[in-house]
Amino acid sequence: MLKIITTSFLVLLSLSAFSQPYKEPVDFVNPLMGTLSTFSLSSGNTYPSISMPWGMNSWTAQTAKMGDGWQYYYNAEKIRGFKQTHQPSPWINDYGQFSIMPVTGGPKFTEKDRMSWFSHKAEVATPYYYSVYLADHDVTTELSPTERACIFRFTFPQSDQSYVVIDAFDRGSYIKINPKDRTIIGYSTRNSGGVPDNFKNYFIIQFDKPFDASFVFSDSTLIKDKNELNAGHVGAVIGFKTRRGEAVTARVASSFISHEQAALNLSRELGEKDFNTIKSQGRETWNKELSRILVEGGSDDETKTFYSCLYRTMLFPRKFYEYDINNQVVHYSPYNGQVLPGVMYTDNGFWDTFRAVFPFFNLMYPELNSEIMQAMVNVYKESGWLPEWQSPGHRNCMIGSNSASIISDAYIKGIRGFDVEKLYEAILKNSNNAGPIESVGRAGADDYNTLGYVPYDGGVNENAARTLEYAYDDFTIAQLAKALKKPQEEISLYTFRAQNYKNVFDKEYKLMRGRNKDGSFQHPFNPYKWGDAFTEGNSWHYTWSVFQDVNGLAQLMGGRDTLEMMLDSVFSLPPIFDDSYYGFPIHEIREMQIMNMGQYAHGNQPIQHMIYLYNFIGKPWKAQYRLHEVMNKLYHPGPDGYCGDEDNGQTSAWYVFSAMGFYPVCPGTTQYVIGSPLFKRVTLSLNNGKKVQINAPAVNNRNVYIDNITLNGRPYENLYFDHFELMKGGKFDFQMSEKPNTLKVFKEHQLPFSMTPWPEVKRKK
């Protein structure tokens, strides 16, 4: 008996010795997800953003040449530097960037000379910490950021020629070496647009080891006996004698205001703290935010994908404000070049993020979105317009006036603490005027407001797409006007305009189509043609952009059965395309073509909500099947983990919402349409202290269909959740099945919101 007990004890001891260590949410994040991307094919178009949640700066290893938007490519062989970046997208590119790179064997300062081979096997990437071994220099680089600063640790070999290169980049830069206090200051003016003439990103770098050598450089010329330089492309090189394994620490901070403010940011955020303290703080910060949502019962890959996507929702928009000497919030205005009081956020394209990112903030981070809304007030005051694509100021990219959706959704869902009256004023200006660039205000506003659509022959491109988005945005304006108790005349006007989607619907094709000023439709018409009347998509993608009135769309098509048939057709049609508008297959076209899901193009935003429309016609089981197909097929946590551009958190937010089991199809209402949960349990810790628990213990790759739902033990029959119902907390239990219940009939009030009520069926007496 003693022998049996002893043997059992040894077995248990052996099992515990090999058990996996406890993992926290941050341990599941892979910042390299989506980094296997190129100009011609996007698997995310991401880079490993080592940063704090919504931090002012990000840091990344730089594998590409200076100025290349694909700054980190997973299959690259060499690293050129470690770059402070603010890039929201390779298509928008970067601003205020500079880099740091350790080298050995001489002052190798050009990108070509200093770059080093590396391997992912000797690379560690987490949201709060990055480490890589630079083989050509025998140096390990580690970095860990704060919101406006970063600490580096370079572990050098035995060498009399160990150096660190600081590259302030081209297009106008400044550098100054101060050997006495072991600091370097400088600034970068490099940008891709959207900045005033006085734009600068000021930086300070402080080392813990005296310099044995120092140089400055201009372009490809190294200059001795000079410590300061202001030219097109400048930088610095400082050198040391190092022992093998000696760690040199560099503390870096930056400011868009001044060198003095950069030094203040350095003192406040890093101070005298050592590397491991900053690293631990960063881990704690990320865990706190990621732990607001806990998922259980998924596979390891599903959990990694979930938290990697959740991490991506917390990078943009980034803080663009600082704390002055009196600890008051101030910001450099990327609109008028002044330093002004108050908050500012930037680096976001609302065409992407109005759909799910900002609704996600309203649910899980209302305090953050309150601050972002006040920042939008400041944008309007400083530029005269609401932002649509910021980086850091207004950028001429994409369409729509989707700031209306973002503002309206926030206020309607209870977000306060911002000047909503000023934003309402701004929304009305935006909706009735073309702006100084096409992406600000509304291009084609006069025609839209008189004809009820942006005409195909009116000189404004992507006109049918603009009509659809303007109509939806007008719906959100009407909703906000109601909430603010504005005059009925205003409410009625925007409610009427919200029906303008009908003006570009062609009953012959049962699809949206460009329309000329005389009322005729564009001719010829190819529903597979990308661009032209649409934005980065075709008519099969944009026809569903009637978020506010799916019932109305169904009536235009001839009924719900026809709408169902058209939804089904998206998946059954071949992935053919007409790329003549662009002259080549843009990456979004290629991503649709190769996924083998027909015309469904999840790699771009216009169609991402489409699957949920099955709920509006009482066929939720079709949505449940397709949602699991997309989550399982088009997402995984590897470097090719997305099926198209990630886009400032939007494609990630779709996954986060869908994995939880619901999605905000129509921001500007308080409803989330129910999908099908991926995990056996999801627990949301809301900002108000309440918890929402979503249980689906039987869910797996086969059991994707919902038999029934209970809320706190009572049957829940609606095909949507209400925001304020969720905010009360509660326990939702999903009973899952391998087979759909296709016989279940839903009452009209159980279906999600549409502007147009569905006609009542009159029963014969």
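Here is a short walk through this predicted model, from its confidence to its cores, a helix, a serine and some salt bridges.

Let's start with how far the model can be trusted. The mean pLDDT of the protein is 96, and 97% of its residues reach 70 or more. Residues 1-19 are another matter: the pLDDT there is below 50, and beyond near neighbours in sequence this stretch has zero contacts in the model.

Now to the interior. The largest nonpolar core has 216 residues, and the members that touch the most others are Phe-207, Ile-293, Phe-306, Trp-544 and Leu-684. Helix H12 (residues 463-483) gives the most to this core, contributing eleven residues. If you centre your view on Trp-544, you will find contacts beyond its sequence neighbours that include Leu-553, Met-557, Ile-607, His-609 and Leu-613. Another core lies apart from this one, with eleven residues, among them Met-56, Tyr-95, Phe-320 and Met-344.

Helix H4 (residues 275-290) is a good next stop. Its 16 residues should span 22 Å at 1.5 Å a residue, and the end C-alpha atoms are 23 Å apart, which agrees. Its buried residues are Phe-275, Ile-278, Gly-282, Trp-286, Asn-287, Glu-289 and Leu-290. They pack against strands E8 (139-145), E9 (149-156) and E19 (293-296), as well as helices H3 (259-269) and H5 (300-312).

What does a buried serine do with its polar side chain? Ser-116, in strand E5 (residues 116-117), is buried because its relative accessible area is 0%, under the 20% cut-off. Its side chain reaches the backbone nitrogen of Ala-135 at 3.2 Å, and a polar atom of that side chain lies 3.0 Å from the backbone nitrogen of Asp-136.

Finally, look at the charged side chains, which form 31 salt bridges in the structure. Asp-94 pairs with Lys-83, with the closest N and O atoms 3.1 Å apart. Asp-94 sits in the loop between strands E3 (81-85) and E4 (98-104), while Lys-83 is in strand E3, eleven residues away. Asp-94 is buried at a relative accessible area of 0%, and Lys-83 counts as buried at 2%. Arg-355 and Glu-469 form a salt bridge at 4.0 Å, and both are buried. This pair joins the loop between helices H6 (350-353) and H7 (357-364) to helix H12, across 114 residues.

By contrast, Glu-425 and Lys-422, whose salt bridge has an N to O distance of 3.5 Å, both lie in helix H10 (residues 420-432), three residues apart. An α-helix has 3.6 residues a turn, so residues three or four places apart point the same way. Glu-425 is partly exposed at 38%, and Lys-422 is partly exposed at 25%.

Definitions and conventions: Residues numbered from 1 in each chain as written. Predicted model: local features only at pLDDT ≥ 70, side-chain atom pairs only at ≥ 80, totals over all residues. Heavy atoms only, no water. Helix = DSSP H or I, 4+ residues; strand = E, 2+ residues; numbered from the N terminus. Buried < 20%, exposed > 50% of the residue type's maximum accessible area, 1.4 Å probe, protein only. Polar contact = N/O pair within 3.5 Å; in protein donor to acceptor, adjacent residues only side chain to side chain. Core = buried A, V, L, I, M, F, W, Y, C linked by side-chain atoms within 4.5 Å. Contact = heavy atoms within 4.5 Å. Expected span 1.5 Å × (residues − 1). pLDDT = per-residue confidence, 0-100.
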